[in-house]
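Please look over the sequence and the three-dimensional structure shown below before reading on. The report after it is meant for a reader who has not met this structure before.

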Amino acid sequence: MKLLKIGLGLLLALLVILGIFVAIAFNNLNVIVEEMIETSGTETLKTAVNVAAVDIALIEGKGAINGIAVDNPGGYSNDKILTVGSVGVQLDVQSLTKDVIVIKEAYVDGVEFLAEHKNLTDTNIQALFDNLPKGKDTANTASSSPSSSADVRLMIESLRVGESKIKLATEQYGGRQFTLPSYVQTNIGNKATGLSPDQIAQAIMSSLLSRAKNAVKTQAKVIAKEALDKELDEQKRILKNKATDKLKEKISPEDIDTLKSLFK
C-alpha cells in the first residue's frame with residue numbers, strides 16, 4: 001500500500017512536470033514558429049525575411065502571421081521589396097495526428113511590392129524570383145518524392161491571395177502604381193505525401209512572384225512607350241516650329257498680308 005502511494009505520488013509529480021513543460025511549449029510556440037519562418041524564408045529567398053507577430057491556436061486549428069517584410073535582393077535599394085499584412089490558416093484538426101497535416105483554407109492579404117526597374121531589362125522582382133530554388137513544379141511533383149529529413153508534411157486545399165499593390169519605379173521613365181487582382185490556388189501538395197514547409201513556401205512565393213514580375217514587365221513597356229511617344233510628339237512640335245520660322249524668314253510681311261487677303 002505504501003509503495004502504491006509512493007508510485008501514485010511520483011506519477012502525479014511527473015504529470016505536473018509534464019504539464020509545466022507543455023504549458024511552456026505552448027507559450028513559446030509563437031516564438032518558435034516566428035523564428036522558423038524568418039530562418040526558412042531567408043534561406044529560400046536569399047535575403048532577410050522578418051515577421052512582426054505570430055498567433056497560433058492549436059486547439060482551434062487556427063494560425064495567423066502578421067507583418068511579413070522581405071528585404072530587397074543585392075544590387076537594389078535598401079527598401080523592402082515585399083510586405084504582407086497578414087497570413088492566416090485554418091487546419092483540419094483531425095489531420096494533426098496523421099502523416100500529412102491538411103490546411104483546409106489559407107489566405108494572404110495586404111500584399112505590397114516595391115518594383116525597381118533598371119538597365120532597361122533588370123528588376124528586383126526577377127532577381128528575387130531567380131533566388132528561389134530551381135526545379136520542377138513544386139506543388140505537383142515534389143509531393144511524390146518527400147524528403148526523408150522532413151519532419152512535417154503539409155498540403156493546402158485552398159489558398160486565397162488578396163489584391164496586390166505594386167509601386168513601380170524605373171530609372172529612365174519615372175514610375176506608377178497599379179494593382180493585381182486576387183487569385184486562388186488549390187491543392188498545393190496532396191494528402192498522401194504532402195510537401196515540406198519549405199516546399200509550400202516555395203510554391204506560394206513562386207506563384208506570387210511570377211504574377212508580379214510579368215505584370216511589372218508589361219507595365220514597364222507601357223511606361224517606356226508612353227515616354228517615347230511623348231518625346232516623339234515633342235520632336236515633331238519642334239520641327240514644325242522650326243519649319244514655320246524658316247518659312248517666315250523667306251516670306252515678307254507684305255506677302256503674308258497678300259495671302260491673307262485671298263481667303264477673305
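What follows is a short report that goes from the whole chain to some of its parts.

## The chain as a whole

This is a predicted model, and the protein chain in it has a secondary structure of five helices and nine strands. Read from the N terminus, the elements of the protein chain follow the order α-β-β-β-β-β-α-α-β-β-β-β-α-α.

Of the 264 residues in the protein chain, 33% are buried, and the accessible surface of the chain comes to about 16800 Å², with 58% of that surface belonging to carbon and sulfur atoms. Among the contacts in the protein chain with a separation of 6 or more, 64% are made by residues that stand 24 or more positions apart.

## Strands β2, β3 and β4

Strand β3, which covers residues 80-91, pairs in the antiparallel sense with strand β2, residues 62-71, over nine bridges, and G63 stands opposite V89 of β3 in this arrangement. Strand β3 also pairs with strand β4, residues 100-118, again in the antiparallel sense and over nine bridges, with L82 standing opposite F113 of β4.

One residue of strand β3 that can be followed more closely is S86, which is buried because its relative accessible area is 17% and buried means under 20%. Apart from its neighbours within four places in sequence, S86 is in contact with I65, N66, Y107, V108 and D109.

## Helix α2

Helix α2 spans residues 124-131, and N124, I125, L128 and N131 are buried in it. Because these residues cover an arc of only 115° around the axis, they are placed on the same side of α2.

## A nonpolar patch on the surface

Which residues form a nonpolar patch on the surface? The patch is made of L58, V93 and L96, which together have about 200 Å² of accessible area. L96 belongs to the loop between β3 and β4, and with a relative accessible area of 32% it is partly exposed.

## Salt bridges

A search of the whole structure finds four salt bridges. One of them joins K80 and D71, with the closest N and O atoms 2.4 Å apart, and K80 is partly exposed, having a relative accessible area of 36%.

Another salt bridge is formed by E157 with K104, where the closest N and O atoms are 3.8 Å apart. E157 lies in strand β6, residues 153-161, and K104 lies in strand β4, so this pair ties together parts that are 53 residues apart in sequence. Both ends of this bridge have intermediate accessibility: E157 counts as partly exposed at 22% relative accessibility, and K104 is partly exposed with a relative accessible area of 38%.

E157 also takes part in a salt bridge with K191, for which the closest N and O atoms are 3.3 Å apart. Since K191 lies in the loop between β9 (183-188) and α4 (197-250) while E157 lies in strand β6, the pair ties together parts that are 34 residues apart in sequence. K191 counts as exposed, at 55% relative accessibility, and the salt bridges that share partners join K104, E157 and K191 into one network.

Key. Residues are numbered from 1 along each chain as its sequence is written. This is a predicted model: local features need pLDDT of at least 70, side-chain atom pairs count only at pLDDT 80 or more; totals for chains, interfaces and linings use all residues. Side-chain values use heavy atoms; hydrogens and water are left out. Two strands pair if DSSP finds at least two bridges between them. Helices (H or I, at least four residues) and strands (E, at least two) are DSSP runs, numbered from the N terminus. Patches are made of residues with over 30% relative accessible area and no salt bridge: like charges are joined within 9 Å, nonpolar side chains (Val, Leu, Ile, Met, Phe, Trp, Tyr) within 5 Å. Accessible areas come from the Shrake-Rupley method with a 1.4 Å probe; for residues, only the protein chains shown count as cover. A salt bridge is a side-chain nitrogen of Lys or Arg within 4 Å of a carboxyl oxygen of Asp or Glu. Buried means under 20% relative accessible area, exposed over 50%, partly exposed in between (1.4 Å probe, protein chains only). The arc is that of the directions from the helix axis to the C-beta atoms. Contact means heavy atoms within 4.5 Å.
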